[in-house]
Amino acid sequence: MGHRVESELVANVISVQVAADQQVAIGDELVLLESMKMEIPVVPEEPGTVVEIRVEPGDVVQEGDVLVVLQ
């Protein structure tokens, strides 16, 4: 199933910084969220390959929503 990268808060998706099949390392920015006028980068806790992107700019996500799936 892969490693699911989830939102830790209610926020707006400003940008998606990765594409499907892209290799990512720990600390690489996957998605940029905005909440209460603060920008929050979402980074993976483990390296992997992007297999699914479940959000796009303009989406509103809730705490626990899956943003990206890594393999």
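Which residues is S7 in contact with, leaving aside its neighbours within four places in sequence? The close-ups below start there, and keep in mind that this is a predicted model.

**View 1. S7 and its surroundings, in the loop between β1 and β2.** Leaving aside neighbours within four places in sequence, S7 is in contact with L33, V61, Q62, E63, G64, D65 and L67. The loop that holds S7 runs between β1 (3-6) and β2 (11-16). Is S7 buried or exposed? S7 has a relative accessible area of 3%, so this serine counts as buried. Look at its side chain too: a polar atom there lies 2.5 Å from the backbone oxygen of L9.

**View 2. The open sheet, with its strands in the order β5-β4-β2-β7.** Four strands make up this sheet, and their pairing is antiparallel. At the edges stand β5 and β7 (60-61); each has a single partner strand, so one side of each is left without a neighbour in the sheet. Further in, β2 and β4 run antiparallel and are joined by four bridges. To find one of the residue pairs, start at V16: its bridge partner in β4 is V31.

**View 3. V42, a residue of strand β5.** Strand β5 covers residues 38-42. How far apart in space are V42 and V31, C-alpha to C-alpha? They sit 5.2 Å apart, although eleven residues separate them in sequence. V42 is buried, with a relative accessible area of 10%. Not counting residues up to four places away in sequence, V42 touches V5, D28, E29, L30, V31, L33 and L67.

**View 4. The largest nonpolar core, a set of 15 residues.** The residues with the most contacts inside this core are L30, V31, L33, V61, L67 and V68. Which strands each supply at least two residues of the core? They are β2, β4 (31-35) and β8 (66-70). Of the strands, β8 gives the most, with three residues.

**View 5. L67 and the residues it touches.** L67 is among the residues with the most contacts inside the largest nonpolar core. Set aside residues up to four places away in sequence, and L67 touches V5, E6, S7, V31, L33, V42, E52, I53, R54, V55 and V61. That list brings back two residues from the earlier views: S7, from the loop between β1 and β2, and V42, from strand β5. V31 and L33 are there as well, and V42 touches both of them too.

Technical notes
Residues numbered from 1 in each chain as written. Predicted model: local features only at pLDDT ≥ 70, side-chain atom pairs only at ≥ 80, totals over all residues. Heavy atoms only, no water. Buried < 20%, exposed > 50% of the residue type's maximum accessible area, 1.4 Å probe, protein only. Contact = heavy atoms within 4.5 Å. Polar contact = N/O pair within 3.5 Å; in protein donor to acceptor, adjacent residues only side chain to side chain. Core = buried A, V, L, I, M, F, W, Y, C linked by side-chain atoms within 4.5 Å. Pairing = 2+ DSSP bridges.
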